[in-house]
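Please load the model in your viewer and keep the selection panel at hand. The tour below moves through it one stop at a time.

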Amino acid sequence: MRFLPLLTSLLVAGVLYVAIMERDMLKALANADGAETADAAEVLEGREIVPVSVVARNSIAQNVERGLVLSGRTEAARNVQVKAETAGQVISEPLRKGTQIKAGDLMCELDAGTRAAQLTSAKAALAEAEVNDKAASALAKRGFTAETAAASSNARLENAQSAVKQAEEELKKLRIVAPFDGILESDTAELGAYLQPGADCATIISLEKIKLVGFVPEKNIGSLTLGTPAGARLITGQEVMGVVTFLSRSADPLTRTFRVEIEVPNPDLAMRDGVTAEMFIALAGEKAHLLPQSALTLDDEGRLGVRAAQDGKAYFLPVSVIRDAPEGIWLAGLPEELDVIVVGQDFVTDGREVTVTMQEPKE
């Protein structure tokens, strides 16, 4: 227990001895350390920073066409299910699907039944109503009958006229004709089938013009206008050209995309309904630089861009990608002309001195 206080006293005495009796030695040691630190700082300050060697390419902005690529499909300009407007049994021979048909051609004919007799009865009632109306009008003019009787007779005449028109229209509905030129997509109703009002006679489509239908993301819809040239490559290999004819004003609630339609001519009926297509819609051109993809880099904030050399120093420029090309990538957002670092851009920072070797343009 007495050993610890004795050891502590000896240590304190030793420290006091060195601090008092060996003061000059401590100062010398401190001066030596300070001199070494100063010498090291002088060496660092005097050291020359060697510029980084890079390879750059002189690039001049060019006018480049832009476009929007969409996946879509073809649609017939018209696709209609022609239906019966009255009830009756089919008495016409069926036409088979694939048949080309003209507007007004008979597709389905229904049995008249008692409709012809109804028309005859309506015409007879009309003739009687006409005679009665003339007699009532003549008597009313002479004052032999009341005006109400003449008005009642006239009403009966109009009812008779209406009945005749209804009977005639009912007979017209027995003949179901094609509403436009097209191709039957289904067989017409079979002979002997009984059709109710609203039942299908046949489906007819028109392929003289084809719609290309796609859906545009909401961020791109503002760049499209009606009448914009567009084209498409079908999965069958066909390439077609047309113009934008429709831009939806309402987005799909699930995908938040807008329907766009491109109309293209199809005079030889070579294109079919429902074929997958890759659509390309032209947009307004802009100035851009064609550079290799390897020239792209990221800055400390994660922005995509390139590094350029000017006055012996490197600096970063953010870019926006327009589209890929076989020769490289088209980039916008850069000055009209600049020297883009294409080799060594990842080893320099803004303001770093560089030794630039210019790359020879490819012939």
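Which handedness does the link of Cys108 and Cys201 have about the S-S bond? With both residues selected and their side chains displayed, you will find the link to be right-handed, with 95° about the S-S bond. Bear in mind throughout that this is a predicted model.

Stay with this pair for a moment: the disulfide that joins Cys108 to Cys201 has an S to S distance of 2.1 Å, and the count of disulfides comes to one. Next, colour strand β5 (residues 106–109), where Cys108 lies, and strand β9 (residues 200–217), which holds Cys201; the pair therefore ties together parts that are 93 residues apart in sequence. If you then switch on a surface, Cys108 counts as buried at 0% relative accessibility, because the cut-off for buried is under 20%, and Cys201 is likewise buried, with a relative accessible area of 2%.

For the second stop, select Thr297, which lies in strand β14 (residues 297–298). Thr297 is buried, its relative accessible area being 8%.

Now show the side chain of Asp346 as well, and look for the polar contact of 2.7 Å that it makes with the side chain of Thr297. To see the wider surroundings, leave aside the neighbours of Thr297 within four places in sequence and display the residues in contact with Thr297: Arg303, Leu304, Gly305, Val306, Arg307, Phe316, Gln345 and Asp346. Asp346 thus appears in this list of contacts and also as the side-chain polar partner of Thr297.

Notes:
Residues are numbered from 1 along each chain as its sequence is written. This is a predicted model: local features need pLDDT of at least 70, side-chain atom pairs count only at pLDDT 80 or more; totals for chains, interfaces and linings use all residues. Side-chain values use heavy atoms; hydrogens and water are left out. Helices (H or I, at least four residues) and strands (E, at least two) are DSSP runs, numbered from the N terminus. Buried means under 20% relative accessible area, exposed over 50%, partly exposed in between (1.4 Å probe, protein chains only). A polar contact is a pair of N or O atoms within 3.5 Å; within protein, one must be able to donate a hydrogen and the other to accept it, and residues adjacent in sequence count only if both atoms are side-chain atoms. Contact means heavy atoms within 4.5 Å. A disulfide is a pair of cysteine sulfur atoms within 2.5 Å.
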